[in-house]
Amino acid sequence: MVPAQSETIETGVSSRINGVTPIRSGIKPYESTWRDGYYLLGSRRTHDPEYGTEVWRMDDAPAADFSWTTSVFSAWNANGSRLFLRSYRPLPDSGGMHRNWVSDATFSKLYPIDLKGRHPIWSATDPDVYMDHRPGVLESCNLRTQQRKVVARWRPIRGERIFGYTDGGECIFVDLPEAGIWLKADVNVMAASGSPALAFGSKPPGPTSLTYATRTASGKEDWFVPDVNASRSDRQGWIRLRVGLLIDVESGTSEYVIAPARGDEAYLLQYLESTSEIPGVEDGWPDFKVMSADTLEGLFQVYLTLPESTHGHSMVSSDGRFEARDHWEGDGYYLTSLEMSEPEEFRYVGSDSHLYHIHFGSDPRYFMSWVQGHDWMTYHKGEQAHDIVQVFVDDTINTVVNTRHEPYGTYVGADFTMLSPDGTKIHYGSSQDGFFRNYIAVIGKPQPPENVRQVREDGVEWLEWDDPAAHKEIRGYLVYASDSEQGPYKLVSDEIIETSRWSMPDSLRGNGTWFAVTSVEFSGLESGYAQVQEPVSPVVERTVFIEPERMLDDYWNWLSAERELTFGFDRSDASDFRYIRLHPDADEASFPIEVPPMPEGSYRLWLRGRRDKPEAGQGIAGLRAGEAYEPLAFTSSDWAWVASDRLYRESELETLEITLKEHGVDVDVLCVSSDLQYAPDLNELNAQPLLPKVNALESRLIGPATALLKWDTADDARLSHYNIYVSTAGIPTLNERNLLGSTSETEWVDWGLLPGDEYFYAVAAVDLRGNVGAPAYTQVKVDADTQEKLELLLEFSDAELAGKFEEGEAYGLLSDKYVVPLDSQSNSVCWEFVLQEPAEVVFWLRYLQRGPGKRDLEMPHNVLIELNQEIVGELGGGITDINIPDAVLTSDEEASERVWTWVRPGLLNPVTIKLAAGRNALILRNLNDSVRYDALFLTSDTSMIPAGGRIQHYRPEHDHRGIRQEEPIVLPSGVSLPDQPTLEGYVHGRISGNSPLME
């Protein structure tokens with residue numbers, strides 16, 4: 001018998017994020033989660049155990065597809081209130097299946113959107129608007145009004161792709177990659193710029209019938225497209241010019257343009273010299289406009305205007321200062337200075353594994369990248385395999401999260417990542433729980449408001465502030481107040497404030513009240529340490545908390561040529577996730593601290609810091625005020641406050657500096673207090689009472705394996721979401737081991753419950769700071785299932801093989817040997833067995849593609865099921881996406897046990913097939929060449945996932961679907977089945993396990 005993962009539901013299966021969570025599999029009751037135009041979409045908010053990063057996993061659907069975020073196509077809309085997701089789900093209102101959806105900001109609801117193209121191109125300014133592109137047509141769509149309008153039409157060109165808006169947002173650029181122009185380059189100029197610009201990784205765009213035929217007929221040998229498979233050396237001496245269609249969004253007018261594909265000085269010089277060689281209309285080309293300028297600086301700005309088209313193989317920072325490129329022929333990445341007034345600076349930084357698909361966001365100081373997981377050839381992992389990293393342009397790296405991929409071979413997943421508009425979250429995909437699902441990792445907190453001030457207008461007192469620099473995702477603000485500067489602060493605004501001012505109530509005026517204001521994102525993230533302001537009336541004591549890294553937020557102030565300081569990230573314990581440390585290349589650094597004007601008196605200073613290697617000795621940081629210097633020693637690897645020995649006058653605070661003298665000393669927060677007995681505590685400053693208890697929690701079964709939970713709670717501006725916990729053995733404590741999901745709605749549908757089990761639930765409110773309120777409890781009991789379960793393991797090594805097959809041994813098999821069909825059109829595999837009673841089962845096929853271990857060897861994988869001489873279904877549902885060399889399938893190879901894959905028995909839900917009582921002859925046809933087949937598992941338990949195999953990732957865009965029992969098979973045109981063999985001559989396949997339904 002094949003063990004079922006769902007059998008371990010009492011303790012759960014490791015989620016590989018943190019802790020344990022019960023598996024929910026089998027038939028998902030979509031009809032139970034549909035709510036008048038949207039689906040309930042649960043998330044699960046946990047933490048990465050290695051790096052402390054908060055991670056949100058979205059959706060528990062068995063076939064939830066990755067959202068197709070790439071480093072070019074952002075799945076985020078303009079303010080982070082929508083995320084595009086792609087996978088097939090039923091659409092109850094209109095019937096049929098729908099594959100394009102958007103979630104709400106808290107990932108609790110899922111709405112269908114009308115999308116005819118591959119991916120929405122979101123407006124950079126309007127969160128409701130996206131562009132829908134398909135060959136030859138561009139349409140503008142509005143989510144709120146559901147209106148669509150055609151922006152432009154043109155003659156389609158093969159390979160055209162839309163990458164986004166131009167820098168000003170007035171135009172859309174449609175890239176025509178197959179029509180790119182390559183020109184002979186001046187050897188002397190190209191020698192200065194290195195390899196020619198490659199817009200799609202290591203391959204230039206290939207010739208099309210248009211470009212190839214035109215260029216051949218013209219006879220011009222100085223402009224042509226090199227062969228797509230040509231080596232780098234064969235392409236030396238050629239320069240690629242970018243070709244596209246520039247469409248004005250407002251007017252709909254368009255023109256063909258030729259533009260530079262690189263931004264370095266040598267390339268731009270060559271571009272200016274080469275444009276005279278561009279073919280004209282007389283050569284069969286459209287009337288292209290050459291985008292150029294009189295100076296290199298102007299041409300560089302032309303280059304920056306157009307959206308990126310490199311899928312993250314190279315990308316320019318938002319300020320145009322740097323270009324980063326991943327490195328195909330070694331580990332790490334390249335970072336190039338694009339300063340037009342300076343010589344080209346070329347840097348290389350290594351890593352344990354290949355950094356892949358880099359992505360700059362709105363912040364020019366860093367880009368994101370993914371460390372390639374399993375080597376394509378051997379499937380070995382590097383030390384930092386699967387890490388998503390934050391790479392600063394000063395050459396330092398911070399790890400965000402480990403995606404923990406299962407071995408895979410598809411061109412999808414965390415190697416495509418996308419930052420949210422303000423860079424506080426990053427979306428990625430991972431197969432860490434067997435299926436490719438959507439994940440969000442929290443990069444940082446939103447920025448707090450700036451310049452908070454008190455004003456009086458017409459006798460009314462207001463609190464005003466400025467929006468922070470990064471505020472696209474900020475929904476509004478919250479105001480807190482305290483009668484002490486040290487806190488605790490209590491929320492005094494009844495709801496999120498969507499403007500930049502707040503009218504003080506009479507009760508808070510003129511009585512020594514201290515105020516703080518925080519920013520709140522649409523997603524529910526709140527800015528960290530609140531900016532404390534002057535009281536309404538003077539008080540005796542004064543205490544100020546200062547984040548030193550805010551002194552370095554100005555990009556060019558801290559990014560000096562010497563690179564003395566850098567940011568570090570601690571996403572679990574640092575006050576706003578960030579801290580300051582010495583750059584690896586620096587020996588010592590000092591930076592000024594801006595302390596607000598303080599009353600006359602003496603002050604004690606406290607510095608929050610740590611020493612990351614206590615065994616190496618004390619870590620020394622220092623405070624300098626004028627000529628006086630005071631060292632502070634840090635001995636703990638945990639964050640701790642260290643007090644100054646001396647007292648500082650208010651005049652000395654005007655010239656205060658922090659000095660770092662040793663590597664490994666991290667500085668987080670500075671506290672300045674006139675209360676000489678005060679001991680700072682950030683938790684005290686940010687303390688919040690727990691949220692109101694969840695009320696009226698009720699639960700009931702709404703199906704044989706589905707429970708509905710509903711509850712109520714008071715409105716509270718601090719509320720972020722609710723956590724739902726579950727166990728079959730009671731819930732003594734609330735922790736991530738029994739966390740089922742998170743939602744901002746007041747209901748939850750739990751499914752995939754096992755017969756005979758009792759489920760204990762707890763629901764608790766969570767505030768914007770992450771505090772968990774008091775839980776409410778409920779429980780449901782699932783009726784026992786008295787029906788016997790049929791589980792059959794049919795091994796290919798014991799089946800009757802018809803036709804030519806190769807057999808082989810490998811590590812990790814369930815059979816004695818695997819078989820590889822040599823001719824899929826004429827081969828078949830057969831087992832015979834006898835049932836005492838009829839049964840309705842699902843089929844799981846265990847396989848592994850043979851290959852060299854490289855990418856791009858995917859093949860459709862669809863196996864026809866013939867039962868008693870009748871075609872009743874199809875196995876495959878997608879792409880055979882992983883290929884492994886024989887040499888890897890040995891006991892001493894780390895990946896050999898984890899690469900075998902189960903083909904799921906249906907696209908959305910398991911597809912059942914009826915087996916009759918008595919003798920059954922089961923035949924599989926259309927087995928793929930070059931695929932190792934191991935075993936076929938049949939079970940009447942649709943809620944289980946068989947263990948011992950990597951789950952196949954579905955690719956529904958290929959339109960391969962599971963065929964339900966009552967639907968007839970329709971073969972493709974030109975494909976026919978071989979003659980049906982008789983049952984005679986076939987032997988019984990060996991049955992593993994012991995089923996009472998078997999004779």
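Asp941 is buried, yet this acidic residue has no salt bridge. The nearest side chain of opposite charge belongs to Lys789 and is 4.6 Å away, whereas a salt bridge calls for a nitrogen and a carboxyl oxygen within 4 Å. All of this comes from a predicted model. As for its place in the chain, Asp941 sits in the loop that runs between strand 67 (931–939) and strand 68 (950–951). Leaving aside residues up to four places away in sequence, Asp941 touches Lys789 and Val842. So Lys789 turns up twice in this picture: Lys789 is in contact with Asp941, but no salt bridge is counted for Asp941, because the cut-off is 4 Å.

Stepping back to the whole protein, there are 999 residues, and 60% of them count as buried. The protein has seven helices and 69 strands. Its accessible surface comes to about 38,800 Å², with 47% of that belonging to carbon and sulfur atoms. Taking contacts between residues at least 6 apart in sequence, 68% join residues at least 24 apart.

Asp941 may go without, but salt bridges do turn up elsewhere: a search of the whole structure finds 41 of them. Side chains of opposite charge can pair when their charged atoms come close. One such pair is Glu139 and Arg134, whose closest N and O atoms are 2.9 Å apart. Glu139 is buried, at a relative accessible area of 9%, while Arg134 is partly exposed at 25%. Both belong to a network of salt bridges that also links Asp114, Lys116, Asp132 and Arg148.

Another salt bridge joins the side chains of Arg453 and Glu464, at 3.6 Å from N to O. Arg453 is in strand 30 (residues 450–457) and Glu464 in strand 31 (residues 460–466), so this pair ties together parts that are eleven residues apart in sequence. Here Arg453 counts as partly exposed, with 28% relative accessibility, and Glu464 is buried, with a relative accessible area of 14%.

A salt bridge between Asp886 and Arg850 has an N to O distance of 3.5 Å. Asp886 lies in the loop between strand 63 (883–884) and strand 64 (901–903), and Arg850 in strand 60 (residues 839–850), so the parts tied together are 36 residues apart in sequence. Asp886 is partly exposed at 41% relative accessibility, and Arg850 is partly exposed too, at 22%.

Turning to the strands, four of them form an open sheet in the order 3-8-7-6, with antiparallel pairing. At its edges are strand 3 (39–40) and strand 6 (83–90), each of which pairs on one side only. Strands of a sheet pair through backbone hydrogen bonds, either parallel or antiparallel. Strand 3 pairs with strand 8 (residues 109–112) in the antiparallel sense, over two bridges. Within this stretch, Tyr39 stands opposite Leu110 of strand 8.

Among the helices, helix 5 (residues 296–305) has the buried residues Leu296, Leu299, Phe300, Val302 and Tyr303. These residues cover an arc of only 155 degrees around the axis, which puts them on the same side of helix 5. What do the buried residues of helix 5 pack against? Their partners are strand 17 (254–260), helix 4 (265–274), strand 19 (314–316) and strand 20 (322–326).

Key. Residues are numbered from 1 along each chain as its sequence is written. This is a predicted model: local features need pLDDT of at least 70, side-chain atom pairs count only at pLDDT 80 or more; totals for chains, interfaces and linings use all residues. Side-chain values use heavy atoms; hydrogens and water are left out. Helices (H or I, at least four residues) and strands (E, at least two) are DSSP runs, numbered from the N terminus. Buried means under 20% relative accessible area, exposed over 50%, partly exposed in between (1.4 Å probe, protein chains only). Lys and Arg count as positive and Asp and Glu as negative; His and the chain ends are not counted. Contact means heavy atoms within 4.5 Å. Two strands pair if DSSP finds at least two bridges between them. The arc is that of the directions from the helix axis to the C-beta atoms. Accessible areas come from the Shrake-Rupley method with a 1.4 Å probe; for residues, only the protein chains shown count as cover.
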